[in-house]
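Good morning, everyone, and thank you for making the time. I would like to walk you through one structure, going from the overall outline down to a few individual residues.

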Amino acid sequence: MAEEKKPVKKKKVVKPYEKRRACPKCGPGVSLAEHKERRSCGKCGYSEKK
Ligand SMILES: [Zn+2]
């Protein structure tokens, strides 16, 4: 009996974790929220232009 060809397993492409900028005020534990033109911290309100 011929062996059935195994379907090629699709390699799951793992996206490299998007590095988020940490809030300079709150520290590395708090990342800034991404906006179109800026990033902002929801904790302290810090924001910076991209
Ligand atoms: Zn902050």
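I will begin with the fold as a whole, then take the strands, and finish with three residues.

Before anything else, please keep in mind that what you see is a predicted model. The protein has 0 helices and 5 strands, and if you read along the sequence you meet them in the pattern β-β-β-β-β. The radius of gyration is 21 Å, whereas the globule rule gives 10 Å for 50 residues, and because the value is well over that figure, the protein is more spread out than a compact globule. The box that its C-alpha atoms fill, taken along the principal axes, is roughly 70 × 20 × 15 Å.

How much of the protein counts as buried? Of its 50 residues, the share is 4%. As for contacts, if we take those between residues at least 6 apart in sequence, 0% of them join residues at least 24 apart.

Let me turn now to the strands, starting with the hairpin. Strand 1, which covers residues 22-23, is joined to strand 2 by 2 bridges, and the two run antiparallel. Between these two strands of the hairpin there are 3 residues, and within the pairing Cys23 stands opposite Gly27, which belongs to strand 2. Strand 2 itself has 5 residues, and since the number of them that are buried is 0, the strand lies largely in the open.

The other strands make up a sheet. It is an open sheet of 3 strands, in the order 3-4-5, and the pairing is antiparallel. Strand 3 (33-34) and strand 5 (47-49) stand at its edges, and because each has a single partner strand, one side of each is left without a neighbour in the sheet. If we look at strand 3 and strand 4 (residues 38-40), we find 2 bridges joining them in an antiparallel arrangement, with Glu34 opposite Arg39 of strand 4. As a general reminder, strands of a sheet pair through backbone hydrogen bonds, either parallel or antiparallel.

Now for the individual residues, of which Val30 comes up here as a part of strand 2, residues 27-31. Is Val30 buried, exposed or partly exposed? It has 17 other C-beta atoms within 10 Å, so it is partly exposed. Not counting residues up to four places away in sequence, Val30 touches Ala22, Cys23, Cys41 and Lys43. Its C-alpha atom is also 8.7 Å from that of Gly42, although Val30 and Gly42 are 12 residues apart in sequence.

Cys41, which we have just met as a contact of Val30, sits in the loop between strand 4 and strand 5. With 19 C-beta neighbours inside 10 Å, Cys41 counts as partly exposed, because a residue needs 20 or more to be buried. Which residues is Cys41 in contact with, once its neighbours within four places in sequence are left aside? They are Cys23, Lys25, Cys26, Val30, Leu32 and Tyr46. Along the chain Cys41 and Ala22 are 19 residues apart, yet their C-alpha atoms are separated by 8.5 Å.

Finally, Cys44 lies in the loop between strand 4 and strand 5. Cys44 has 12 other C-beta atoms within 10 Å, so it is exposed. Leaving out residues up to four places away in sequence, Cys44 touches Cys23, Lys25 and Cys26, and its C-alpha atom is separated by 9.8 Å from that of Val30, which is 14 residues away along the chain.

That is where I will stop, and I am glad to take your questions.

How values were computed:
Residues are numbered from 1 along each chain as its sequence is written. This is a predicted model: local features need pLDDT of at least 70, side-chain atom pairs count only at pLDDT 80 or more; totals for chains, interfaces and linings use all residues. Helices (H or I, at least four residues) and strands (E, at least two) are DSSP runs, numbered from the N terminus. The radius of gyration is taken over C-alpha atoms; the globule rule is 2.2 Å times the number of residues to the power 0.38. Two residues are in contact if their C-beta atoms, placed from the backbone, lie within 7 Å. Two strands pair if DSSP finds at least two bridges between them.
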